Amino acid sequence: MTATVTAYCSEALLVMNRESFDAHFDRPRLDRLRSLVALPDPIWTDELDSARARARLATADLIVSSWGVPRLTADRLAAAPRLKAVFHAAGSVRSVADGVLWARDIVLTSAADANAIPVAEYTLAAIILAGKKAPFLAADAATAYRGWGQSQGFGDLSNFRRTIGVVGFSRIGRRVVDLLRVLDGPSVLVADPHADPAEVEAAGARLVGLDELLPRVDVLSLHAPALPSTYQMIGARELAGLPDRATVINTARGSLIDSAALAAECRAGRLFAILDVTDPEPLPADSPLRSTPNVMITPHIAGSLGTEIHRLTDHMLAELTRWLAGEPLRHRITADLFPLTA
């Protein structure tokens, strides 16, 4: 059966906040979605508990979700007896998924692979800037305009044959390892208890334990999921194991790092940090990280923003097209994969 024929019997409901809807669906993409599925009014909602939303849920075969989607709890899914699939046009599904999805064999897909692209690009840029200590030199008024000869105390300002440590051989971690090929002669070490050594080696890196990795790296880049087992996995002991002048980069989850311990190391001038995520997020006004030298913080901008969001929409539309045509899905999140997602 072709996607065109299937579309006549597939009704979709878009569930996300208004900002997400506007960012995802320009006219061509909304028209593309309409060519695949029926979209009765209202085509979009940011809640699933009103009588109007429940009426749409009752006849929906699939949900297209993104940022702002309410959690798909048992109660809400009970109001959607025809629901067969959820196509999440964003990254993490942790705030979306409920065990009843798998109990009912409802398909769940994610655009996390597409969202990994800008995060990996941001990380590569952060690694290169960290090699030159550019963010920290720029923030130091005493050295920013006085030439490279005044950069004492910042370590070796170089990206040649540096050692990069990647914690988490996730979809983003893998992309970072691949992008690091643009550097001249890097040594890339990966720490991930779930990674296959052969896959890591094929990507151009070497799999080692975290304790072996830490004392050898010039830059430590974090790409692990937020799990009970990874909470503050980079704590005072691990930070103390890093070489002097190393830079910690976190574009994954703020909870991976002991923020107080990191602030202490950076305040002492021993380490540097580039953080796109923090714990908590946003940081409270009295957080020591806010006023700590050697720390650059960006407001969770590494993931898809602006026109990058259209890449997520296109990713979702391609997966939806495969599902409607009865073809194998490429980005399905199963019950066994869910615990390892970010």
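In the predicted model, Leu62 of strand β3 stands opposite Ala85 in β4. These two strands, β3 and β4 (residues 85-88), pair in the parallel sense over four bridges. Strand β3 also pairs with strand β1 (residues 12-15), again in the parallel sense and over four bridges, and here the bridge partner of Ala12 is Leu62. The side chains of β3 (residues 62-65) alternate in direction: Leu62 and Val64 point one way, whereas Ile63 and Ser65 point the other way, and all are buried.

The pairing continues beyond Ala85, whose bridge partner in β5 is Val107. Strands β4 and β5 are joined by four bridges in the parallel sense. The result is an open sheet of five strands in the order β2-β1-β3-β4-β5, with parallel pairing. Its edge strands, β2 (44-45) and β5 (107-110), each pair on one side only. Strands of a sheet pair through backbone hydrogen bonds, either parallel or antiparallel.

The protein chain as a whole has 14 helices and 12 strands. Its radius of gyration is 22 Å, close to the 20 Å that the globule rule gives for 342 residues, so the chain is as compact as a globular protein of that length. The C-alpha trace spans about 70 × 45 × 35 Å along its principal axes. Of the 342 residues, 52% count as buried. Among contacts in the chain with a separation of 6 or more, 67% are between residues 24 or more positions apart.

The mean pLDDT of the protein chain is 93, and 94% of its residues reach 70 or more. Over residues 1-8, however, the pLDDT is below 50, although this stretch has 13 contacts in the model beyond near neighbours in sequence. Where pLDDT is low, the predicted coordinates should not be read in detail.

The largest nonpolar core has 30 residues, and Ile127, Val177 and Leu180 have the most contacts inside it. Two or more residues are given to this core by each of α7 (112-132), α8 (134-139), β6 (163-167), α9 (171-179), β7 (187-191) and β11 (272-275). Helix α7 gives the most, with eight residues. Apart from neighbours within four places in sequence, Ile127 is in contact with Asn159, Ile164, Val176, Leu180, Leu183, Val219 and Ile249. A second, separate core of 29 residues includes Ala191, Val217, Met233 and Ala252.

Thr251 lies in the loop between β10 and α13. This residue is buried, because its relative accessible area is 7%, under the cut-off of 20%. The side chain of Thr251 is joined to that of Thr123 by a polar contact of 3.2 Å. When residues up to four places away in sequence are not counted, Thr251 touches Val119, Tyr122, Thr123, Leu222, His223, Asp276, Val277 and Ala302.

At the N-terminal end of helix α13, Asp258 acts as a cap, with a side-chain oxygen 3.2 Å from the backbone nitrogen of Ala260. Within α13 (residues 259-267), the buried residues include Ser259, Ala261, Leu262, Ala263, Glu265 and Cys266. The buried residues of this helix pack against α12 (236-240), β10 (247-250), β11 and β12 (295-297). After the helix comes Gly269, which has a positive phi near 85°.

Several backbone features depart from the usual pattern: most residues other than glycine have a negative phi, and most peptide bonds are trans. The peptide bond from Asp41 to Pro42 is cis, with omega near -10°. Pro42 lies in the loop between α3 (27-36) and β2. Another cis peptide bond joins Asp279 and Pro280, with omega about 0°, and Pro280 is in the loop between β11 and β12.

Arg161, although not a glycine, has a positive phi of about 55°. Arg161 is placed in the loop between α8 and β6, and at 61% relative accessibility it counts as exposed. His300 likewise has a positive phi, near 55°, in a residue other than glycine. His300 belongs to the loop between β12 and α14 (308-324) and is partly exposed, with a relative accessible area of 37%.

Definitions and conventions
Residues numbered from 1 in each chain as written. Predicted model: local features only at pLDDT ≥ 70, side-chain atom pairs only at ≥ 80, totals over all residues. Heavy atoms only, no water. Buried < 20%, exposed > 50% of the residue type's maximum accessible area, 1.4 Å probe, protein only. Pairing = 2+ DSSP bridges. pLDDT = per-residue confidence, 0-100. Contact = heavy atoms within 4.5 Å. Core = buried A, V, L, I, M, F, W, Y, C linked by side-chain atoms within 4.5 Å. Polar contact = N/O pair within 3.5 Å; in protein donor to acceptor, adjacent residues only side chain to side chain. Rg over C-alpha atoms; globule rule 2.2 N^0.38 Å.
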